[in-house]
Amino acid sequence: MDKRILVLGASGQIGTELTQKLRELYGNSNVVASDIKLGTFEMMDAGPFEIIDATDKETILSVIKKYQINQVYLLAAMLSATAEKFPQKAWNLNMNSLLAVLELAKEKHIQQVYWPSSIAVFGPTTPKNNTPQKTIMEPTTVYGISKLAGEFWCNYYHEKFGVDVRSLRYPGIISWKTKPGGGTTDYAVDVYFKAVEEKIFTCFLSENTRLPMMYMEDAVNATIQLMEANPATIKIRTSYNLAAIDFTPKEIAAEIRKQIPDFTIDYAPDSRQQIADSWPSSIDDSEARNDWNWKHEFDLKRMTLEMLNNLEKK
Ligand code: AKB
């Protein structure tokens, strides 16, 4: 079957690069980008673009029909720090968009769904190091609660209605093309931008806060690999643990200093510290590695070189 893809939330941090990669792989005209507002010139120029509110099932359906879409990547979401400010709005966006797309899949308008979960599904009572796939999950953020509920909705639609929905628990994602917005792991992107622009960075997390992270290229590859995998190999229909690297603000600063020796960092932890403290430090993703052969390519050193080289050119 030819892939005809709709990306909801295509202008976000992951959406931007995932859309670009999907267009490279499956052809520009087969990948419809959409967001609640207009996208960048590059995105709208390269292929079809539609304005869609991801919670509006009828509009999604009309676009599915217009382009004969068979796969939806749902990336619209409110991230952890913003969700704490707007809990109701976050719940509505994160849940209603997912339920709309799962219903469309159940009604057989589309054949496959991708939906991202997050390390935010874990909480302060979860084992912190090498967090297993199946463990105590008691999230204390609105975002984490919505992701955990979403995971079980995915599993429910799969078990009950045979919906082919696939999901990954992303760690913090780091990229130089599009900045994230409203997350707790965002410092790990900001630090590179500030290192190149001003050689100084004030970090909103404390120096020894260790969090799981991943370079964007690995995240995009993992996503597409999961969606391409033979359904028989997908044994988890909630969401897969996914990991690459983990580090602290102090460690990323030391790595940056190898390239920019006069870079300095100081620390002014804010409300996001509490969110970070409730999340794992590292993740055990052996199920993903065993079931569909996931492996990451970027370590901290390689990612730092890529980030700094690209930002300097930019
Ligand atoms: C956030 O910080 O909210 C996100 C996430 C880990 O899901 N980057």
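**A ligand between two domains**

Author: In this predicted model, domain 1 (5-172 + 214-241) and domain 2 (174-212 + 246-279 + 300-313) both contribute residues to the shell around the ligand, so the ligand lies between them.

Reader: How many residues of each domain are in contact with the other domain?

Author: Contact here rests on heavy atoms within 4.5 Å. In this structure, 24 residues of domain 1 are in contact with 24 residues of domain 2. The centres of the two domains, taken over C-alpha atoms, are 25 Å apart.

Reader: Which residues are around the ligand?

Author: A residue is counted if one of its heavy atoms lies within 4 Å of the ligand. Here the shell consists of Leu 79, Ser 80, Ser 118, Ile 119, Tyr 143, Gly 183, Thr 184, Thr 185 and Trp 279. Four of the shell residues are nonpolar, five are polar and none is charged.

Reader: Where does a polar side-chain atom lie 2.7 Å from an oxygen atom of the ligand?

Author: For a polar contact, one looks for a pair of N or O atoms within 3.5 Å. Ser 118 has such a side-chain atom at 2.7 Å from a ligand oxygen. In the side chain of Ser 80, an N or O atom is 2.6 Å from an oxygen atom of the ligand, and for the side chain of Tyr 143 the distance is 2.7 Å.

Reader: What share of the ligand's exposed area does the protein bury?

Author: The ligand taken alone exposes 250 Å², and the protein buries 93% of that. The space that the ligand takes is the largest pocket.

Terms used
Residues numbered from 1 in each chain as written. Predicted model: local features only at pLDDT ≥ 70, side-chain atom pairs only at ≥ 80, totals over all residues. Heavy atoms only, no water. Polar contact = N/O pair within 3.5 Å; in protein donor to acceptor, adjacent residues only side chain to side chain. Areas by Shrake-Rupley, 256 points an atom, 1.4 Å probe, with all protein chains shown as cover. 1 Å grid on protein atoms, 1.4 Å probe; cavity = no way out; pocket = protein on both sides within 12 Å on 5 of 7 lines; lining within 4 Å. Sits in = over half its atoms within 2 Å of the grid points. Nonpolar A, V, L, I, M, F, W, Y, C, P; charged D, E, K, R; others polar. Domains from an automatic or database assignment.
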